[in-house]
Amino acid sequence: MALTNEQFDELMREYEETRNINRRLTEEKINIIEKKLPSLKAFDNRIATLSVQQAKSLMDGKTQQAEDIADEIAMMRVRRRSELESIGYHEEDLEPVYTCVDCQDTGFINRLTGHKEKCHCLKKRELEILYDQSRIKALLKKENFSKLSYEYCTGEDLTRLQSAVRICKEFVDDFGKNYRNLVFCGTVGTGKSFLACCIAHELLENCHSVLYMSAPQLFDTMAQYQFGNDREGKAEFSRELYDCELLIIDDLGTELTNSFVASSLFTIVSERHNHNHPTIITTNLSLQDIRDRYSDRTLSRVTGNYDFILLSGPDVRQLL
Ligand SMILES: [Zn+2]
């Protein structure tokens, strides 16, 4: 499944609008600072003129002259910095505003090889449009760390929940730095999906691409592509499934498990692990159930590469 040309054009207009808004914000910010520090413009003009002179001296082979100019530029920069600080600002305050610093709100990153690559923020928006994650968005509004409550937990259940929350926060903080996979297991209503949602919420807020699918939705979509004629769509969906920054498979075991589902799960888990792309699974299944339903090799991939987080307690949904 790929974006239509219209959807892609619309997305590019969205990026243009973001750049316009941020350009205005940058101008407003600089105007305020320039009003407080009228000499700022003179500094910038002087530094620009000196830089041109320095380049010219270098081209003419006048090394000493170029060095003298470099010293003057350095001195001007120090004076500029200290004058800025005297009115309570830093040089960073003059930097352009970007919603995504990595691509500077263009949606693409230029690699050294000259290759242009989609930025994670663009991949995130594409996923949102393609898989209509609006349902998830509504869910994430209700299910995030700010809505976390320990009210219905006591004793060992509470200790487990607290430890799980700590692991979730570590997962978010280390995301992109440490490769890690999680399985939330436990009975119904103990907060497995809630915690996976909390992680999704935090990462989406930070412009990461997260694909969140319930197990039935995931395997149904895979089956449609596997047994349908849409080759391009199949390739695109596979790419998103294997390449998105985080895949969350919610409620594994609630799908109708068959040999196609079992081998698909093995492929997902293996492909993502081979590329160090993190995955989170939530499930009511025990290890024995996972082996029986999916296979020994899937179980060993999961037990070998995932951290298991066990949650326990009463079904919170029954208590509300
Ligand atoms: Zn970006």
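**Exercise 1. The pairing of α2 and α3**

In this predicted model, α2 passes α3 in a left-handed crossing. Determine how the two helices are oriented to each other and which residues form their contact.

*Solution.*
Step 1. Locate the helices: α2 covers residues 39-59 and α3 covers residues 63-86.
Step 2. Consider the axes, which come within 9 Å and cross at roughly 165 degrees. Angles over 145 degrees count as roughly antiparallel, so α2 is roughly antiparallel to α3.
Step 3. List the contact. From α2 come S39, F43, R46, I47, L50, S51, Q53, Q54, S57 and L58. From α3 come Q65, A66, I69, A70, E72, I73, M76, R77, R80 and E83.
Step 4. Sort these residues by class: the contact of α2 with α3 holds nine nonpolar, six polar and five charged residues.

**Exercise 2. The length and burial of α3**

Compare the expected span of α3 with the distance between its end C-alpha atoms, and identify the buried residues of this helix.

*Solution.*
Step 1. Helix α3 has 24 residues, and at 1.5 Å a residue it should span 34 Å. The expected span uses one less than the number of residues.
Step 2. The end C-alpha atoms of α3 are 35 Å apart, which agrees with the expected span.
Step 3. A residue is buried if 20 or more other C-beta atoms lie within 10 Å of its own. In α3 the buried residues are I69, R80 and L84.
Step 4. Ask what covers them: the cover of the buried residues of α3 includes α2. Both I69 and R80 are also listed in the contact of α3 with α2.
Step 5. Look beyond the helix: G88 follows α3 and has a positive phi, near 85 degrees.

**Exercise 3. Two residues of α10**

Describe the surroundings of S270 and H273, and state the distances of their C-alpha atoms from those of M75 and V302, respectively.

*Solution.*
Step 1. S270 is placed in helix α10, residues 259-274, and H273 is found in α10 as well.
Step 2. Between the limits of 12 or fewer for exposed and 20 or more for buried, a residue is partly exposed. S270 has 15 other C-beta atoms within 10 Å and is therefore partly exposed. H273 has 18 C-beta neighbours inside 10 Å, so H273 is also partly exposed.
Step 3. S270 and M75 are 195 residues apart along the chain, and their C-alpha atoms are separated by 57 Å.
Step 4. H273 and V302 are 29 residues apart along the chain, with 9.7 Å between their C-alpha atoms.
Step 5. Neighbours within four places in sequence being left aside, H273 is in contact with R301 and N305.

**Exercise 4. The pairing of α11 and α12**

Classify the packing of α11 against α12, and describe the residue S295 in the loop between them.

*Solution.*
Step 1. Helix α11 (residues 287-294) packs with helix α12 (residues 296-305) at an angle of about 140 degrees, and their axes are 7 Å apart. This angle makes α11 oblique to α12.
Step 2. In the contact, L287, I290, R291 and Y294 of α11 meet D296, T298, L299, V302 and T303 of α12. By class, these residues are five nonpolar, two polar and two charged.
Step 3. S295 lies in the loop between α11 and α12. Although S295 is not a glycine, its phi is positive, about 135 degrees.
Step 4. S295 has 16 C-beta neighbours inside 10 Å and so counts as partly exposed.

How values were computed:
Residues numbered from 1 in each chain as written. Predicted model: local features only at pLDDT ≥ 70, side-chain atom pairs only at ≥ 80, totals over all residues. Axes fitted to C-alpha atoms, helices over the stretch in contact; angles between N-to-C directions. Helix = DSSP H or I, 4+ residues; strand = E, 2+ residues; numbered from the N terminus. Parallel < 35°, antiparallel > 145°, perpendicular 65-115°, else oblique. Left-handed = near helix turned anticlockwise from the far one by under 90°. Contact = placed C-beta atoms within 7 Å. Nonpolar A, V, L, I, M, F, W, Y, C, P; charged D, E, K, R; others polar.
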